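Please open the model in your viewer and keep a selection panel at hand. The stops below can be followed in order, each beginning with what to select.

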Amino acid sequence: MQSATAHAHETHGHDSHGDHAHHHDVSFIRKYVFSTDHKVIAKQFMLASLFFLFVGGLFALLIRWQLAFPGEAIPLIGNILPDTWVSDGAVTANFYTQLLTLHGTVMIFYVIIPLAVGMFGNFCIPLMIGTDDMALPRLNMYSFWLVPPAGLIMLTGFFFDSGAAAAGWTGYPPLGPSSGAGQTTWLISLFLIGFSSIMGATNYMATILNKRAKGLQMFQMPLTVWALFITAILITLGTPVLAAAISMQLADQYLHTSFFMPDNLLVGAPDNSLLTGAFVQKGNELLEHKQLLGGGGQPILWQHLFWFYSHPAVYIMILPGMGIVSDVLATFARKPLYGYKAMIFAIMAIAFLGFIVWGHHMFQSGMNPLLGTTFMLSTIVIAVPSAIKIFNWLGTIWRGNIRFTAANLNALAFIATFIIGGLSGVFMASAPVDIYIHDTYFIVAHIHYVLFGGALFAIFSGIYYWFPKMYGKMLNESLGRKHFYWSFIFFNLTFYPMHLLGVGGHMRRIYNPYIYEFLQQYQPMNQFITIAAIILGFSQFILIFNILWSLKYGKKAPRNPWQANSLEWAAPAHPGHGNFDTDIRVYRGPYEFSHPDRETDFYPQWEEPQGDEKTVHETKEHSHSA
Amino acid sequence: MSFDFSKAMEWAYKDMLTFFPENVSTFGGELDSLFAMIYYASVAIFFITYAILIAFIIMYRHQEGRKAYYYHGNNLMEFTWTLLPTFLFAGIGLWSDDAWTKSKYAYRVPNPDVTIDVLGYQSGFGWQFRYPGPDGVFGNKVRNQISSANPFGIDSNDVHGKDDLVIISPGGARPVEVHLPINKNVLVNLSSNDVLHSFFLPNFRVKQDAVPGQWIKVWFNGTKAGRYEIACAELCGSGHYNMRGLLIMDSQQDYDAWLDQQYKLVKPELSAPVSDSTAVAAVASDSTTTKN
Ligand code: HEM
Ligand SMILES: [Cu+2]
Ligand SMILES: [Cu+2]
């Protein structure tokens, strides 16, 4: 294996792709399991995350069943689940709380981030900048191999007597540290996956800065690469803060520190004998004993640290998707991306502002309300670059020649849902409006419009778009479109009504809403949502089936099936380790579609200009908008 | 399992604003109209952007032989669609600030007519309320006297604390029930002794997290007599859903009658001789504000 530094030095002049594409005679384990090939690692991220997508989806459906039919046995599986989870086949309150916690955590940390960043970062960056692999391939391998153990550690919580983590995906203290071993596995798991993120992100930055193909300027990179580059910066700046916060919570749990724990707490989780400042249960009697060490901590401190990471994290989840959507839309509209530089600056603005808006999650937390005003204003500012992006996407399809492939349908759906998610964000950004809708289903609706409707649809779009390059086979388009229509319709039927539940005052994270008189009227709507959610969940099997079917029977992919311009399409249809079989030189930006002087409607970045076309190309460079 | 189809489809034919439960507080109307303003702006933006999106999808769908327009964008357009939303959103922010400061800033909390202490608790899940008792003065709170028997940590040496009325959940499935007067500024000192909770009065548009170690002031002024629900809006454990309470808003008379009755019920020996303690009360009459 070549050393990483050797790669870095030959940045602009490596012409030796050909040889290491062939001569490696590596063992099965090296090739498919502990591989350092970025494409294999990308596939591993995809498989692991799709697995977790189904785990997280199952949790969601169990939650939905309880909300629609509280106390009624879960169909099919209710009676085979262990007593610690269900009673009479119905989810218990305790298990419900674990489910909602792990649903959120799995979906965010084990599905969206690994897919958007791990999978596409790995697959797209080296190919789209025209290089053979990541700058640090071995680090890359480690970054994947932390994911499965991290995920499994968290899931083991379900088999503890005290259950898995149950303090929400936000893990707020004192509830977090005062609960049992499940919370510990949750913390350790997040620590590991954060570590994985940081390893991946440093690698992406090193690769993009040092390993671009000859002639490829930063401002000639496709939006996907730009978005991933800025995402990597967000990860390296944000994740260490989460790691610190997690360490502090672990210390509060086991070392009797009190970063987040005020003194004289009367917390009484069943198995918290480890805690000093806690009740100890003895029979039915709660014996209180005072905190022996420390005390005087601040629960709100955790929220500041957590959201200082987790607000940027929502952009970690969405920015790669925004990049993918930009590329897919331009390719299938056969049009240059509208406002290429404006799009990049908007991403930079979002990334920068993303670090000064975290307090909008804490308007009602008890922090000084003066900060509420500040965070309200900064949050409102961050909606502006989001709006800019929407307008530029609309500009991109304007006067295009739009092909409705499965990839493009998902990208168009991204715009449609992101408009709604962005607008609901503005409601919550207004601190006084947020008083009433905070911690209601309005927030749940918002989250899902941006994360499912936004990030996940963009991920689907990327899967349909790059699958041919990943596996050398085309996905079945008609199955792809079916998957899209079912997902899109039932996504909206599931999550749109949640806005209205929120306005009705329906709290989130509620095991049985109907003990409240004012919520009883919403049971039919909850039933409707549950039915839609079940169909939405099962629609995802179309995708899985499509992937499996196409791997076996799919059409062989040509080198450039979408007639796109960016460098990954210069690689062989199913590139081996080392990626390219030709020497890549870059002559132009990635969005030269429908150039008036060309016969074809695309003009790849790597195609050498012919004769006087050279001058055409020069002037074109200047016409890029700022 | 029954399924009420028209109820289930309400989301499709009822306007979003009609889902609000009745507002019965003085500032609630202002919050609702802010919501409505953003809602109308959003609906307009939604229809405009969707119309454009759908029109483009239809007009520019793939046609054989047509070539897309080779165009990289235009700075004037970029400036326009940067500035327009900036003004709109900045307007929303500035407009919002008054309602925000009014409902949360300490200096804008009006002089209270009634002050109570509220604690959320996790062992059994519910709310505890403290009224100052016939002397009208709260006993001092001392953190190191907090215990499950004395959740507020009322100072055992403070005579004002002896008559304080503490109301806790009756146990079982019955929600705790408290009364407050209408058309009065009510100040709630909110805290918790265990984990975070959030004191949510849907009809009053009040929501505030209860944070252990910190007493947070929440105020409202109810405009309509009736029976309203109290909810918890912050995950506090597996019984989080079960923190329902009832708030009965009474006329001043009914409220006084209820208080008297409570005093008799809970502390019969204190119900009559209010005058005995008034002398003491005068000395420390500033202690209605909390000390921790
Ligand atoms: C126009 C841009 C956006 C604005 C103004 C905005 C605003 C907000 C606000 C104010 C909250 C807190 C609400 C509350 O808890 O009361 C929130 C929550 C949230 N937002 Fe956004 N948001 C925007 C875009 C996004 C995007 C792009 C994502 C993700 C990709 C996202 C993900 C989330 C999530 C996950 C939460 C909920 C966190 C929780 O569990 O409490 N938001 N947003
Ligand atoms: Cu945020
Ligand atoms: Cu609660």
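Begin with chain B, and keep in mind throughout that the model is predicted. Colour it by its two domains, the assignment being domain 1 for residues 21–61 + 70–106 and domain 2 for residues 111–283. If you place a centroid on the C-alpha atoms of each, the centres of domain 1 of chain B and domain 2 of chain B come out 39 Å apart. Their contact draws 13 residues from domain 1 of chain B and 14 residues from domain 2 of chain B, and about 1,200 Å² is buried between these two domains, with 48% of that area on carbon and sulfur atoms.

Next, show side chains along this boundary between the domains. There are 2 salt bridges between domain 1 of chain B and domain 2 of chain B. Select Lys224(B) and Glu22(B), which form a salt bridge in which the closest N and O atoms are 2.8 Å apart. Across the interface of domain 1 of chain B and domain 2 of chain B, 11 residue pairs are in polar contact, counting pairs with both residues at pLDDT 80 or more. On the side of domain 1 of chain B that touches domain 2 of chain B, α3 (28–59) and α4 (75–104) of chain B each supply at least two residues; by residue class, that side divides into 4 nonpolar, 5 polar and 4 charged residues.

Now display both chains and select the boundary between chain A and chain B. Here the contact takes in 124 residues of chain A and 97 residues of chain B, and chain A and chain B bury about 9,500 Å² between them, 68% of it on carbon and sulfur atoms. The number of salt bridges between chain A and chain B is 2. Zoom to Arg227(B) and Glu517(A), whose side chains meet in a salt bridge with an N to O distance of 3.1 Å. The polar contacts between chain A and chain B amount to 31 residue pairs, again with both residues at pLDDT 80 or more. To see which element contributes the largest share of the side of chain A that touches chain B, select helix α12 (residues 369–397) of chain A, from which 15 residues come. Sorted by class, the residues of that side of chain A are 74 nonpolar, 33 polar and 17 charged.

From the interface, move to the metals and select the copper ion (ligand 2). What coordinates the copper ion (ligand 2)? The donors are His311(A) through ND1, His360(A) through NE2 and His361(A) through NE2, at 1.8 to 2.0 Å, and along the chain the donors of this copper ion follow the spacing H-x48-H-H. His311(A) belongs to helix α10 (residues 299–333) of chain A, whereas His361(A) sits in the loop between α11 (340–353) and α12 of chain A, so the pair ties together parts that are 50 residues apart in sequence.

With the copper ion still shown, add ligand 1 and pick its iron atom, which is 4.5 Å from the copper ion (ligand 2). Which residue is the only protein donor of the iron atom of ligand 1? The residue to select is His446(A), whose NE2 lies at 2.2 Å from the iron atom. Tracing the backbone from there, you will find that His446(A) lies in helix α15 (residues 441–471) of chain A.

The last stops are local features of chain A. Select Glu477(A) and Arg481(A), whose side chains meet in a salt bridge at 3.7 Å, N to O; both residues lie in helix α16 (residues 477–503) of chain A, 4 residues apart, which is about one turn of the helix. Over all chains, the structure holds 20 salt bridges.

Then show the backbone from Pro173(A) to Pro174(A), where the peptide bond is cis, with omega near -5°. Pro174(A) is part of the loop between α7 (147–156) and α8 (181–210) of chain A.

Finish at Arg399(A), which has a positive phi of about 55° although it is not a glycine. The backbone around Arg399(A) is the loop between α12 and α13 (406–429) of chain A.

Terms used:
Residues numbered from 1 in each chain as written. Chains lettered and ligands numbered in written order. Predicted model: local features only at pLDDT ≥ 70, side-chain atom pairs only at ≥ 80, totals over all residues. Heavy atoms only, no water. Domains from an automatic or database assignment. Contact = heavy atoms within 4.5 Å. Buried area = accessible area lost by both parts, 1.4 Å probe. Salt bridge = Lys/Arg side-chain N within 4 Å of Asp/Glu carboxyl O. Polar contact = N/O pair within 3.5 Å; in protein donor to acceptor, adjacent residues only side chain to side chain. Nonpolar A, V, L, I, M, F, W, Y, C, P; charged D, E, K, R; others polar. Donors = N, O, S within 2.8 Å, 3.2 Å for Na, K, Ca; no water.
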